[in-house]
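User: I have a model open and want a quick tour. Can we start with the strands and then go inside?
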Amino acid sequence: MAGKLIVISNRIPSEAAPAGGLVFALHETLRKIGGIWIGSHPDLVEEPTDGLSPYGEQAQYERLAFRLTRADYENFYLGFSNSVLWPVCHRRGDLVQLDRGYEEGYAAVNARLARQVAEVAGAEDMIWVHDYHFFPLASELRKTGFTGKIGFFLHIPFPALGDLGALPRAANLPQWLADYDLVGLQTRADVARCLEMFRAESKAEFMMDGTVKCGSRTVAVQSFPIGIDVDSFVKAAQSDGQGDKLADDMSGDLVIGVDRLDYSKGLPNRFRAFGRYLETRDERERRVSMVQIAPPSREEVSAYRELRYELEELVGRVNGEHGEIDWTPLRYIHRNLDRDLLARLYRRARVGVVTPFADGMNLVAKEYIAAQDPEDPGVLVLSHMAGAAEDLTEALLVNPYDIEEMSEALKTALTMPLEERKQRYAACMEQVRATDVTKWSQSYVRTLQKCAATLVVKPTPRVKSEA
Ligand code: GDG
C-alpha cells in the first residue's frame, strides 16, 4: 500500500494490544500495514475542540481521539445515531425520535471530524470508516478536497427501502454512500437492500462491473460477513477457571443467551419461549436452566430503560411460575462478564439461543459454535433474521416472533442425538472459520485497494501486486 490506512470508528481501544473480536482484527491490520486509528475520546468536553489528540498507549500505529461535547453526545450519539438510525436499520420505525437538534448535531460532528481527519490524511492514504455514526463522513471529507480512497463498513442491517421513509429529509443516504469508493455490508441480503435503495434513486446508474454511479461518483457495494478471532475463542473456552465452578452449581442442562440489552435482540420473546418450553416440559425430564447475560447498553435512551423493566418483570413471572425451592429456571445477569468466563459458559451450555428480530451479523452465534467441544457439542438455536443465519444454515433456525416454534426448537436442541449435534456443529464451525475476523479485515482492505485502483486512482504496479 502506497499510503497509510486510517481507520475511523466511534469507539477506540485505549490499550496497546486489545483482546478479541473486531477491535483485535483492526488492531492487527493496522499493526501489519501501519496507520492511524481515530475514535472518540470517552470523556466529554465542555466546548468543541480543534484537532485530534494522541490517545491511550501507542502501538505500532498511531491512535488519535476526537472530542465530543455533552451536546454532541446527546444529539449525535444518543440522538441521531441511536434514536433515529439504529431503530430505522433494525426495522423499528415506531421507536424513531426525530428532532432537528439531533440532525444538526449529527451533521456538525461529521463535518468537524472530516476537517480533523483531513489534517492528518494524505491523498495516498486509504480511509476505512466504520458504522452508522459516520454515514456522511465521506461526503464531508470530499468537501475538504480529499481525493483518496474511502471505504465504509456498516455493522448493522441495511434498512429496507420502506423503512428509509422514517429518516428526515436531510438524511441523503444514497449520496452519502456514493461518496465512498466501497460500501461493505454484512450479508447478501443487505447488499440487495442497498442496491434497491439506489435503484429507487433517479440519479443512480448501474454499471456493467456491478458498481453504482451516482452523479460524478462511482461506488462498489459488497458483502463482507464479519467473524470472530476463532483460535483465541477456542482457547478461551478450553481454559480452566471459576466459570466451570459456576456452571457446575447449576443442576441439569444449561441454555445460554448473551446479548447487550437491546430491543433488536428479541429478549422478551426468548424469555416467553423458555417459559412456554417449561410449561410443556415433562416433569420427569432433567431440569433445564437458562442463563441470560445482558449487560447494560444506552440506558439514557428511554426505549432501552423500558425494555429493562419489561425483562425484569418477565424473569420474575417465569421463575415465579416454574421455579422450585432448589431451582431457579431463569437466571438473568444485567452485568458485563469476563470474556473467558463467557467462553467457558458457552462450552458448558447444551444450547445457545440467539433470537434477534434484526441483527447485522451477531457474533455471539459464532462464539457459541467456536466454544463447543467437537466430541460433545451443544446446539445453536438461531433467528433466521440474524445476519449469521445466512451462513450458519445448520443451526436450528427459528422465527423470533414465533414463541411456539422457539419453544419446540429448545426441546429439539435439548434432545438432539450426539451424531446430529456433531454434524451440525462441524458444518457451522466450517463457516465460522471461513469468516474469521482477520480474514474479514484483510479481504475488505484488499478490495478497497482494488476498487480504488480501477475506479479512482491510476493503478500502480505495487497496488496491483498486493491485490
Ligand atoms: C454490532 C452489530 C455485529 C456481550 N456481553 C458480554 C460480552 N459481549 C460481547 C459478545 C460479542 C459482542 O459483545 C456482541 O456482539 P454482537 O455481534 O452479538 O452484537 P452488537 O454488540 O450489537 O454488535 C452486530 C457486530 O456489531 C459486529 O459487526 O455482529 O450485528 O449489532 O462479542 O461476546 N463480552 C463480555 N462480557 C459480556 O458480558 N466480555
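**Strands, cores and cysteines**

Analyst: Leu5 stands opposite Gly35 in strand 2. Keep in mind that this is a predicted model.

User: Which strand pairs with strand 2 over four bridges, and in what sense?

Analyst: Strand 1, residues 5-8. The pairing is parallel.

User: And how many bridges link strand 2 and strand 4?

Analyst: Five, again in the parallel sense. Strand 4 covers residues 62-66. One place to look is Gly39, which stands opposite Ala65 in strand 4.

User: Is strand 2 buried or exposed?

Analyst: Buried. Six of the six residues in 35-40 are buried, so strand 2 is largely enclosed by the rest of the structure.

User: Which residues point which way?

Analyst: Gly35, Trp37 and Gly39 point one way. Ile36, Ile38 and Ser40 point the other way. Both sets are buried.

User: Now the inside. How many residues are in the largest nonpolar core?

Analyst: It has 95 residues. Those with the most contacts inside it are Ile8, Ile38, Ile127, Phe135, Leu177 and Phe198.

User: Which element gives the largest share?

Analyst: Helix 2, residues 70-89, with ten residues.

User: Where does this core lie relative to the domains?

Analyst: Between domain 1 (5-227 + 439-450) and domain 2 (230-435), because both give residues to it.

User: Any other core? What does a second one include?

Analyst: There is a second, separate core of 61 residues. Leu5, Ile333, Leu392 and Val437 are among them.

User: Back to Leu177. What is it in contact with, beyond its neighbours within four places in sequence?

Analyst: Three phenylalanines come up before the rest: Phe135, Phe152 and Phe158. Then Val183, Cys194, Met197, Phe198 and Val219.

User: You mentioned Cys194. How many disulfides does the structure hold?

Analyst: Zero.

User: Why is there no bond from Cys194?

Analyst: Distance. The closest cysteine sulfur, in Cys214, is 10 Å from the sulfur of Cys194, so it is too far for a bond. The cut-off for a disulfide is 2.5 Å between sulfurs.

User: And what about Cys451, where is the nearest cysteine sulfur?

Analyst: In Cys194, 13 Å away. Cys451 is in no disulfide either.

User: Are Cys194 and Cys451 buried or exposed?

Analyst: Cys194 is buried, at 0% relative accessibility. Cys451 is buried too, with a relative accessible area of 7%. Buried here means under 20%.

Terms used:
Residues are numbered from 1 along each chain as its sequence is written. This is a predicted model: local features need pLDDT of at least 70, side-chain atom pairs count only at pLDDT 80 or more; totals for chains, interfaces and linings use all residues. Side-chain values use heavy atoms; hydrogens and water are left out. Buried means under 20% relative accessible area, exposed over 50%, partly exposed in between (1.4 Å probe, protein chains only). Helices (H or I, at least four residues) and strands (E, at least two) are DSSP runs, numbered from the N terminus. Two strands pair if DSSP finds at least two bridges between them. A nonpolar core is a set of buried Ala, Val, Leu, Ile, Met, Phe, Trp, Tyr and Cys residues joined through side-chain atoms within 4.5 Å. Domain bounds come from an automatic or database domain assignment. Contact means heavy atoms within 4.5 Å.
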